[in-house]
Amino acid sequence: MGTLDELRGKYADEITVGMSAIFTKTVTEADIVLFAGVTGDTNLVHLDEDFAKPTMFKGRIAHGMLTAGFISAVLGTKLPGPGAIYLSQTLKFKAPVRIGETVVARATATAVDQDKGRCTFATTAHVGNTLVLEGEAQILVPKRPAA
């Protein structure tokens, strides 16, 4: 087996409905500051406690798209993994994520079209028992090369 075979994710014919994977990350101050710097989203509700305190959130929150990025981590590194390409993603933000909270992002296969190499995944993120994000991803998954 070559190095590329060891690095690749799953082929479309290896994915079945119900397969699931997670990515877990504790959100840090650095994560929020770096995300703001990379994206240019310097909304003060993410960066300034004094600004965020009187808002509906009662304090700073992580960028919703940072949390959504953890879904990308599941799909791009675990299931289907390296070689997978995002086609689309819906997102519903259900609750805020704060510094120090641990997010568990999950992708679960709900449909597989092996002929087209396309898979649909239900995507969620939780902090403890609280659902903070839900959606659905359409992913292009590599097909197994002809032997």
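**An aromatic pair, a core and a pocket**

Across the whole structure, which is a predicted model, a search finds 1 aromatic pair. Its partners are Phe 23 and Phe 70, whose rings sit 6.0 Å apart centre to centre with 35° between their planes, an arrangement that counts as tilted. The pair links distant parts of the chain, since Phe 23 belongs to strand S1 (residues 20-26) and Phe 70 to helix H5 (residues 64-77), 47 residues apart. The two rings also fall into separate accessibility classes: Phe 70 counts as buried because its relative accessibility is 7%, under the 20% limit, whereas Phe 23, with a relative accessible area of 22%, is partly exposed.

Helix H5 leads on to the interior of the protein, for it gives the largest share, 6 residues, of the largest nonpolar core. That core has 28 residues, and those with the most contacts inside it are Ile 15, Val 27, Leu 66, Leu 75, Val 97, Val 103 and Phe 121. Two or more residues come from each of helix H2 (29-39), H5, strand S3 (102-113), strand S4 (118-127) and S5. Ile 15, taken on its own, touches residues that include Leu 79, Pro 80, Ala 109, Val 112, Cys 119, Phe 121 and Val 141, when residues up to four places away in sequence are left out.

H5 appears once more at the largest pocket, where H5 and strand S5 (130-140) each supply at least two residues of the lining. About 160 Å³ of space lies in this pocket, and of its 14 lining residues the closest to the centre are Ile 61, Gly 64, Phe 93, Ala 95 and Pro 96. The lining divides into 9 nonpolar, 4 polar and 1 charged residues.

Key. Residues are numbered from 1 along each chain as its sequence is written. This is a predicted model: local features need pLDDT of at least 70, side-chain atom pairs count only at pLDDT 80 or more; totals for chains, interfaces and linings use all residues. Side-chain values use heavy atoms; hydrogens and water are left out. Rings of Phe, Tyr and Trp (its six-membered ring) pair if their centres lie within 6.5 Å; planes under 30 degrees apart count as stacked, over 60 as edge-to-face and the rest as tilted. Helices (H or I, at least four residues) and strands (E, at least two) are DSSP runs, numbered from the N terminus. Buried means under 20% relative accessible area, exposed over 50%, partly exposed in between (1.4 Å probe, protein chains only). On a 1 Å grid over the protein atoms alone, a cavity is a set of points where a 1.4 Å probe fits but cannot get out, and a pocket is an open set with protein on both sides within 12 Å along at least five of seven lines; lining residues have an atom within 4 Å of a point. Grid points are joined across faces, edges and corners, and a volume is the space filled by probe spheres set on the points. Ala, Val, Leu, Ile, Met, Phe, Trp, Tyr, Cys and Pro count as nonpolar, Asp, Glu, Lys and Arg as charged, and the others, Gly among them, as polar. A nonpolar core is a set of buried Ala, Val, Leu, Ile, Met, Phe, Trp, Tyr and Cys residues joined through side-chain atoms within 4.5 Å. Contact means heavy atoms within 4.5 Å.
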